[in-house]
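Me: I should like to go through the interior, the main pocket and one sheet of this protein. Please reason briefly before giving each result.

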Amino acid sequence: MTVRVRFAPSPTGMFHVGGARTALQDWIYAKQHGGVFVLRVEDTDAARNRPEWTEGILSALDWLGIERDSYEGPYFQSANADEQRAAAGRLYDAGRAYYCDCTREMVQARTGNSYSGYDGFCRDRNLGPGEGRALRFRMPDEGETKVVDLVRGEPTFENAKIEDFVIARADGSPVFLLANVVDDITMGITHVIRAEEHLPNTPKQQLLWDALGVKPPVWAHVPVVVNEKRQKLSKRRDKVALEAYRDEGYLRDAMRNYLMLLGWAPSNDREIVPWSVIEDEFRLEEVNPSPAFFDEKKLRAFNGEYIRALSVDEFIAACQPWLTGTATIPAPPWDPASFDPAAFAAVAPLAQTRVAVLSEIVPNVDFLFLDEPSFDDAAWAKAMKDGSADLLDGAAAAYADLPSWDAETLKNTLEEVGAARGLKLGKAQAPVRVAVTGRSVGLPLFESLAVLGRERTLARIRAARARL
């Protein structure tokens, strides 16, 4: 048997990090078993069917390393509508499904309970297709349905507790439960790896597989991804779009590594490991079924470690989208003609040790490429206190006469200027830093001044003094 897994996202306008985790698990499982990864876009909801949203899915998978032409598809669920309708017809003809004209209000009136499920009223009325009649699958009256799950063991469901569920609407269009099964059968899917939120649907889908005369797939329901309050990640409440993390400057390798830790861990208590180790060691059977906490702070720390592991040249290359702007990343605040690659290369090793996401490179280096620094009001107010004017005057005078312009000389000189005024270096450099960079924190000051140059440094110190 050739292992065939499928990833079946809906084009919703963003790529959920939980879906990204599942896609990677599908991808690795297929690769480990010499199998096939199938991409199926579940596009039957017309409101969610936009070409740009499908392109977003493909682009996100590309970024994860699941690149186009390396998998089957994309297939589109809407293209299989005829087979889905035919399957519904076969179930009806075999007596496994029946038509029902009951409304929700009718069921509630009969049962007296607004929360009760369908009561099977139309099971033996022998209705045929017609306006207002949905097609329901007839559940077995007795017994149980056992689901063999690589993650959760063998969860068992009593058939009598599952209502006769709708498989096709009154207009004949199949609902998700049936469409999903028919598509998996058509595409020869052998293993279904998906989030645990789908587990309650699994006994229904397994019975549909059986009723259609096909052996059900191997199931694996991986843990739901939750926030710090242990609530399921929601796009309405939480930061869940993979594209947002990508455009903020998270590295692919860091994101992939972190996503794979949501419910699983490599050997020997390791967390940050090469992708090749994950591909070799990952086992679905070892996935923890408990909810997995998506900790953005931990992801950020991961990303910082991955950034620091880059060579300087790799770091410079990785920063380019934020230094120029792209279709999804805003352009930096400086005029493109003002950008100096050599100046950036000079401070890149300093920035590399300080940024946790690549977008932070812009506020760290913008002082080099702006005509004037962009001042942070709070930083200005804190640094420019009594005595700052005299300190800036002294710094400008001392710096103007320096025989050499290097970080060590700049540091020693400002230390002397501060000492003459009873200030330690930390206090003396605060107004100079804000005057030159506009901020109270950033790259090492004296290395920054060395790259900025004497003329521009003095001009900024004098301009800041004039503002006081």
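Reply: A nonpolar core is a set of buried Ala, Val, Leu, Ile, Met, Phe, Trp, Tyr and Cys residues joined through side-chain atoms within 4.5 Å. The model discussed here is a predicted one.

Me: Which helix gives the most to the largest nonpolar core?

Reply: The largest nonpolar core has 107 residues, and those with the most contacts inside it include Leu61, Phe294 and Val432. With eight residues, the helix that gives the most to this core is H1 (residues 17–32).

Me: How many residues has the second, separate core?

Reply: Among the members of this second core are Cys122, Ile162, Leu177 and Val182. Its number of residues is 37.

Me: Which element gives the most to the lining of the largest pocket?

Reply: The lining of the largest pocket has 43 residues, and Ala8, Pro9, Ser10, Glu197 and His198 lie nearest the centre. Strand E1 (4–7), H1, helix H3 (81–93), helix H5 (176–186) and strand E9 (191–195) each supply at least two lining residues. With five residues, the element that gives the most is H1.

Me: Which strands stand at the edges of the open sheet E4-E5-E8?

Reply: The three strands of this open sheet are ordered E4-E5-E8, with antiparallel pairing. An edge strand has a single partner strand, so one side of it is left without a neighbour in the sheet; the edge strands are E4 (97–100) and E8 (166–168).

Me: Which residue in E8 stands opposite arginine 136?

Reply: Strand E5 (residues 134–137) pairs with E8 in the antiparallel sense over two bridges. Opposite arginine 136 stands valine 166.

Methods
Residues numbered from 1 in each chain as written. Predicted model: local features only at pLDDT ≥ 70, side-chain atom pairs only at ≥ 80, totals over all residues. Heavy atoms only, no water. Pairing = 2+ DSSP bridges. Helix = DSSP H or I, 4+ residues; strand = E, 2+ residues; numbered from the N terminus. Buried < 20%, exposed > 50% of the residue type's maximum accessible area, 1.4 Å probe, protein only. 1 Å grid on protein atoms, 1.4 Å probe; cavity = no way out; pocket = protein on both sides within 12 Å on 5 of 7 lines; lining within 4 Å.
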